[in-house]
Amino acid sequence: MNPAPNLVLVGPMGAGKTSIGKRVADRFGLVFVDADQAIVERAGATIPEIFENAGEAGFRERETAVLGELLAGEGRLISTGGGAVLSADNRALLRRRGFVVHLEVSVEGQLKRLARCTNRPLLQRPDREQVLREMARARAPLYAEVADLTLDTDHLMPPEATVRLCHLLATHWQRQETPA
C-alpha cells in the first residue's frame, strides 16, 4: 500500500482520465478536479488560446503552478493533462502528494477516441498518428516512473474501466489524511 492524500490519474490523451476519473472520484468520495480545466479557469483562456499566445512553455508553467495548488490539498482525484509528466518537478510532486495511476491506451485506441477532437493543440496537424507515436515514446517511461498502479483502458468502456480500477485501488491505495 502506498498511502497518499490524493489520487492522481496520468496517461496519454484519450486514455479516459476524465471520464473514468469522475466515476472513481464519486465512488471514493473524492473531489474530482481536471487539471487542464483548472488551468483554463485560472487563465481565462482556452488551452488552444494559451498555446497560441504563450506557447507550450507558457502552458507548462501554468500547469506546474496549478498542480502545485491542487496537490497541496487532500481528498482530491486529479486528472492531469497528458504532458504533466514532462517536468521533473511535476513528477516529484505527483509522487510526493498522490497515489498515481497510469491509464494506458494504445496509439490505435487514441486515434479512434480522438478522431473528432479539435481542442487539442498538439494534434492539430495532418500527421496525428506520428505525433501520438512520438509522444508515446517520450512519455511512456515518465508515466511508468511516477505510477503506483497501471490500468490498460484500451478495450474498456469507462464504466468497466471504473469497476476494474476501483477493485485495484481497494487493495493498493490507502487514503492518507492529515490530522487537523
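What is the volume of the second largest pocket? In this predicted model, the second largest pocket has a volume of about 190 Å³. We will return to its walls after a look at the whole chain.

Start with the overall fold. The chain holds seven helices and seven strands. From start to end they run in the order β-β-α-β-α-α-β-α-β-α-α-β-α-β. The radius of gyration is 16 Å, close to the 16 Å that the globule rule gives for 180 residues, so the chain is as compact as a globular protein of that length. Along its principal axes, the C-alpha trace spans about 50 × 35 × 25 Å.

Now consider what lies inside and what lies outside. Of the 180 residues, 47% count as buried. The chain exposes about 9,100 Å². Carbon and sulfur atoms supply 51% of that area. Contacts also link distant parts of the sequence. Take the contacts with a separation of 6 or more: residues 24 or more positions apart account for 75% of them.

One residue serves as an example. Val24 sits in helix α1, which covers residues 17-28. Is Val24 buried or exposed? Its relative accessibility is 0%, and buried means under 20%, so Val24 counts as buried. Which residues touch Val24, leaving aside its neighbours within four places in sequence? They are Leu7, Leu77, Thr162, Leu165, Cys166 and Leu169. Look at Leu165 in that list. Val24 and Leu165 are 141 residues apart along the chain. Their C-alpha atoms are separated by 7.7 Å.

Back to the second largest pocket. Its lining begins, in sequence order, with Pro12 and Met13. Then come His102, Glu104, Val105 and Gln110. Leu132, Met135, Ala136, Arg139, Ala140 and Tyr143 complete the lining. Two elements give two or more residues each to this lining: β5 (99-104) and α6 (128-146). Which element gives the most? That is α6, with six residues.

The chemistry of the lining can be split by residue class. Eight of the lining residues are nonpolar. Two are polar, and two are charged.

To trace this on the model, begin at helix α1 and find Val24. Follow its contacts to Thr162, Leu165, Cys166 and Leu169, which are among those listed for Val24. Then move to α6, and find the pocket lining there, including Leu132 and Tyr143.

Definitions and conventions:
Residues are numbered from 1 along each chain as its sequence is written. This is a predicted model: local features need pLDDT of at least 70, side-chain atom pairs count only at pLDDT 80 or more; totals for chains, interfaces and linings use all residues. Side-chain values use heavy atoms; hydrogens and water are left out. On a 1 Å grid over the protein atoms alone, a cavity is a set of points where a 1.4 Å probe fits but cannot get out, and a pocket is an open set with protein on both sides within 12 Å along at least five of seven lines; lining residues have an atom within 4 Å of a point. Grid points are joined across faces, edges and corners, and a volume is the space filled by probe spheres set on the points. Helices (H or I, at least four residues) and strands (E, at least two) are DSSP runs, numbered from the N terminus. Ala, Val, Leu, Ile, Met, Phe, Trp, Tyr, Cys and Pro count as nonpolar, Asp, Glu, Lys and Arg as charged, and the others, Gly among them, as polar. The radius of gyration is taken over C-alpha atoms; the globule rule is 2.2 Å times the number of residues to the power 0.38. Buried means under 20% relative accessible area, exposed over 50%, partly exposed in between (1.4 Å probe, protein chains only). Contact means heavy atoms within 4.5 Å. Accessible areas come from the Shrake-Rupley method with a 1.4 Å probe; for residues, only the protein chains shown count as cover.
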